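Biologist: I'd like a close look at one part of this structure rather than a quick tour. Could you start with the sulfur-bearing side chains and then follow what lies around them?

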Amino acid sequence: MTSFQFHLRVLSLLISVSYLLTCLGNNGIPVQLNDDVLGLIVFKSDLNDPSSYLASWNEDDANPCSWQFVQCNPESGRVSEVSLDGLGLSGKIGRGLEKLQHLTVLSLSHNNLSGSISPSLTLSNSLERLNLSHNVLSGSIPTSFVNMNSIKFLDLSENSFSGPMPESFFESCSSLHHISLARNMFDGPVPGSLSRCSSLNSINLSNNHFSGNVDFSGIWSLNRLRTLDLSNNALSGSLPNGISSVHNFKEILLQGNQFSGPLSTDIGFCLHLNRLDFSDNQFSGELPESLGMLSSLSYFKASNNHFNSEFPQWIGNMTSLEYLELSNNQFTGSIPQSIGELRSLTHLSISNNMLVGTIPSSLSFCTKLSVVQLRGNGFNGTIPEGLFGLGLEEIDLSHNELSGSIPPGSSRLLETLTHLDLSDNHLQGNIPAETGLLSKLTHLNLSWNDLHSQMPPEFGLLQNLAVLDLRNSALHGSIPADICDSGNLAVLQLDGNSFEGNIPSEIGNCSSLYLLYASYFSSSSVISFNTSFWKIY
């Protein structure tokens with residue numbers, strides 16, 4: 001059936017129903033129902049329905065309330081909800097929806113709808129919930145598309161919408177509770193009229209191309225706000241005081257922008273905050289002391305900024321922290337022993353700052369830790385033995401001034417550790433034999449130390465080892481012949497040591513190896529690698 005023939009059938013149906021209603025008078029079907037039938041059938045005609053989910057939408061049935069994925073208001077009998085989420089539909093959003101004048105919910109998410117929205121398309125004045133997320137829709141958003149006086153939930157995320165948001169878009173939005181425009185290609189400034197949406201409790205404008213200064217003073221007036229996500233845009237400006245007026249804040253996500261200046265000093269008075277991310281910006285100064293009041297905060301990330309104060313001594317007050325990342329800043333001073341109060345902490349990253357002093361032994365009290373990254377500082381003293389008694393998955397203490405020996409791993413560590421990097425320190429003594437029992441270890445870097453040790457024969461037991469870097473660590477003795485027995489070793493770096501004898505010929509059978517540095521042996525060696533010959537000096 002051609003599109004022309006199809007619409008003729010729809011028109012014929014409406015004429016027939018209209019004639020029937022004339023004959024029946026007030027005892028027949030309400031005449032308004034014709035608009036709902038026509039609207040849905042015309043809307044369907046613009047869609048491709050490969051799985052025939054909309055088979056019940058039949059132009060021969062004058063009662064759409066029985067159609068699948070359609071709901072009606074029981075009092076008026078009019079179509080109030082159309083929910084077609086995740087049905088694999090493609091095509092465009094057509095003009096048929098304009099006929100559904102009593103629609104309160106339209107949800108078309110997780111389909112393959114494409115194309116732009118007609119500038120003249122206007123949805124129902126009673127629409128409260130609109131979800132077009134996870135499609136391939138493009139173009140700009142017409143100002144007349146939805147009635148902002150009635151809409152409460154608006155989700156246009158995960159599409160390809162572009163262009164600026166009209167400043168007038170939020171002029172009448174007092175009913176709006178949730179808006180998400182995330183993962184599109186919107187650009188230009190964030191409309192200042194957003195501050196008029198006094199009922200908002202969730203804003204997500206992340207992963208777009210929004211730019212310019214944000215009117216945070218206006219946002220701080222939205223005292224019902226719980227979630228603010230402006231991450232991964234090109235936004236700028238500072239974070240002024242006044243944030244404490246938003247008592248219900250739970251999440252503030254500003255990462256991946258160009259915000260600068262100090263953080264709001266009163267941010268710690270938002271006592272319900274659970275998640276803060278200021279990373280990858282240009283914030284500077286010190287972390288506000290009021291942050292220490294956030295006993296409910298579980299996630300705090302402020303890495304890749306210009307914070308240049310002393311490391312916060314109140315950090316132990318944030319007792320609910322599970323994730324703490326302050327790397328790539330200019331923090332000075334030392335880590336306080338009170339960090340051991342963070343008993344829920346699983347991830348700790350304070351790499352590439354200017355911290356000194358010893359690594360607090362109290363870290364061993366953080367029994368849930370799985371990642372410890374302290375590289376690129378000036379820590380001295382020995383590695384706390386208790387740290388190697390935890391079930392850690394990653395330890396990176398490289399590029400510091402640590403001395404002493406490498407602690408033996410506990411039975412718990414042997415079952416969990418995948419990455420160990422202690423390179424560029426002043427460690428001495430034997431490599432613990434327990435290192436060869438780290439069953440999940442994939443990366444081991446002990447280079448640039450003063451170990452004066454032999455390679456433990458147990459290294460041949462490391463079945464998952466992919467990278468082994470032992471450069472310039474004053475190692476001596478021979479290389480275990482079974483170092484490649486696992487078949488996973490890809491990078492082997494042994495140069496700058498004092499190994500004796502030749503490189504074991506068995507290494508030539510290591511099919512997974514693609515990089516080998518092994519210079520400064522007591523004698524030169526020639527070994528075969530998969531029909532190619534490498535000369536090692």
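Modeller: A word on burial before anything else: a residue is called buried under 20% relative accessible area, exposed over 50%, and partly exposed in between, using a 1.4 Å probe and protein chains only. By that rule Cys-484 is buried, because its relative accessibility is 9%. Keep in mind that this is a predicted model, where local features need pLDDT of at least 70 and side-chain atom pairs count only at pLDDT 80 or more, while totals for chains, interfaces and linings use all residues. Residues are numbered from 1 along each chain as its sequence is written, and side-chain values use heavy atoms, with hydrogens and water left out.

Now to the bonds themselves. A disulfide is a covalent bond between the sulfur atoms of two cysteines. Here a pair of cysteine sulfur atoms counts as one if they are within 2.5 Å, and that gives 2 disulfides. Counting bonded cysteines along the chain, the pattern is 1-2, 3-4.

Take Cys-65 and Cys-72, whose sulfur atoms sit 2.2 Å apart. This disulfide is left-handed because the torsion about its S-S bond is about -95°. Cys-65 has a relative accessible area of 28%, so it is partly exposed.

Then there is the disulfide of Cys-173 and Cys-197, with 2.1 Å between the sulfur atoms. It is left-handed too, with -100° about the S-S bond. This pair ties together distant parts of the chain, 24 residues apart: Cys-173 lies in the loop between β10 (160-164) and β11 (178-180), and Cys-197 in the loop between β12 (185-188) and β13 (202-204). Strands here are DSSP runs of E with at least two residues, and helices are runs of H or I with at least four, numbered from the N terminus. Both ends of the bond are hidden: Cys-173 is buried because its relative accessible area is 1%, and Cys-197 is buried because its value is 0%.

What about Cys-270: why does its sulfur have no bond to Cys-197? The sulfur of Cys-197 is the closest cysteine sulfur to that of Cys-270, but it is 20 Å away, so it is too far for a bond. Cys-270 is buried as well, because its relative accessible area is 0%.

Cys-270 also leads us to a neighbour, Ser-244. Contact means heavy atoms within 4.5 Å. Leaving aside residues within four places in sequence, Ser-244 is in contact with Asp-266, Phe-269 and Cys-270. Ser-244 sits in the loop between β16 (234-237) and β17 (251-253). With a relative accessible area of 21%, Ser-244 is partly exposed because that value falls between the cut-offs. Ser-244 and Gly-268 are 24 residues apart in sequence, yet 7.6 Å apart in space, C-alpha to C-alpha.

On to the rings. A pair of aromatic rings is described by the distance of the centres and the angle of the planes. Rings of Phe, Tyr and Trp (its six-membered ring) pair if their centres lie within 6.5 Å; planes under 30 degrees apart count as stacked, over 60 as edge-to-face, and the rest as tilted. The whole structure holds 13 such pairs. One of them is Phe-259 with Phe-283, which is stacked at 6.3 Å centre to centre and 20° between the planes. The two rings come from distant parts of the chain, 24 residues apart: Phe-259 is in strand β18 (residues 258-261) and Phe-283 in strand β20 (residues 282-285). Phe-259 is buried because its relative accessible area is 1%, and Phe-283 is buried because its value is 0%. Phe-283 pairs edge-to-face with Phe-278 too, at 5.7 Å centre to centre and 75° between the planes. Phe-278 counts as buried because its relative accessibility is 0%. These rings belong to one aromatic cluster, made up of Phe-216, Trp-220, Phe-249, Phe-259, Phe-278 and Phe-283.

One last stop is Gln-493, which lies in strand β35 (residues 491-493). Gln-493 is buried because its relative accessible area is 11%. Not counting residues up to four places away in sequence, Gln-493 touches Leu-468, Asp-469, Leu-470, Arg-471 and Tyr-517.
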